[in-house]
Amino acid sequence: ETRNIETNSLINKKIIIALKNKLKVIFCFGETLSEKKKNKTHTIIKNQIKECTKSVVNINNIIFAYEPRWSIGTGKIPKISELNKIFSHIKKTIISLKKKGKKKLIYGGSVNPSNISDLINIKDSSGFLIGNASLSEKKFIDIIKKSTI
């Protein structure tokens, strides 16, 4: 597992500065493997969203990207049923913080051509953050083809 170099407070400052400068923000958050094993996923996510968007009133220019840190680059992804619960939790968390604007939620974490057909079934997801697979033209095009209806 990688160490968390940036604190929630630092990320919050970056988000506020970016929004003040009229930039769009992709806010990535998620739990480590040890946090997942301790059943802390929902608590970690809620704290990250709450602390990183502190003092942010309007979220129109923020895309919330759930990226389980244990999944990135491993090819392992949560089950769709688990992702549906997590995305529902994310949506409820944002609503509870009374943020104005449209909630845009995406998934990122080992998205590839072999799992995109399952991942498109995540309720409350607006799309995907494609990492390593976007470096291969063929993989990226396959993801696009398999995710368009």
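1. Two strands pair if DSSP finds at least two bridges between them. Keep that in mind for the sheet below. The model is a predicted one.

2. Start with the sheet. It is open and has four strands, in the order 1-2-3-4, with parallel pairing. Strand 1 (25-29) and strand 4 (127-128) are the edge strands, and each pairs on one side only.

3. Now look at one pair. Strand 2 (residues 62-66) and strand 3 (residues 104-107) run in the parallel sense and are joined over four bridges. Which residue of strand 3 is the bridge partner of Ala65? The partner is Ile106.

4. Helices pack on this sheet. Helix 3 touches strand 1 and strand 2, and its direction makes about 150° with that of strand 1. Helix 4 (residues 80-96) touches strand 1, strand 2 and strand 3. The direction of helix 4 makes about 150° with that of strand 3.

5. Next, two helices meet. The axes of helix 1 (residues 8-20) and helix 3 (residues 41-52) come within 8 Å and cross at roughly 45°. Why do helix 1 and helix 3 count as oblique to each other? Angles under 35 degrees count as roughly parallel, and 65 to 115 as roughly perpendicular. The crossing is at roughly 45°, so the two helices are oblique. Helix 1 passes helix 3 in a right-handed crossing.

6. Finally, the residues at that crossing. Helix 1 contributes Asn8, Ile11, Asn12 and Ile15 to the contact. Helix 3 contributes Asn47, Gln48, Glu51 and Cys52. Of the residues in this contact, three are nonpolar, four are polar and one is charged.

Conventions:
Residues are numbered from 1 along each chain as its sequence is written. This is a predicted model: local features need pLDDT of at least 70, side-chain atom pairs count only at pLDDT 80 or more; totals for chains, interfaces and linings use all residues. Side-chain values use heavy atoms; hydrogens and water are left out. Axes are lines fitted to C-alpha atoms, for helices over the stretch in contact, and angles run from 0 to 180 degrees between N-to-C directions. Angles under 35 degrees count as roughly parallel, over 145 as roughly antiparallel, 65 to 115 as roughly perpendicular and the rest as oblique. A crossing is left-handed if the near helix is turned anticlockwise from the far one by less than a right angle, and right-handed if clockwise. Contact means heavy atoms within 4.5 Å. Ala, Val, Leu, Ile, Met, Phe, Trp, Tyr, Cys and Pro count as nonpolar, Asp, Glu, Lys and Arg as charged, and the others, Gly among them, as polar.
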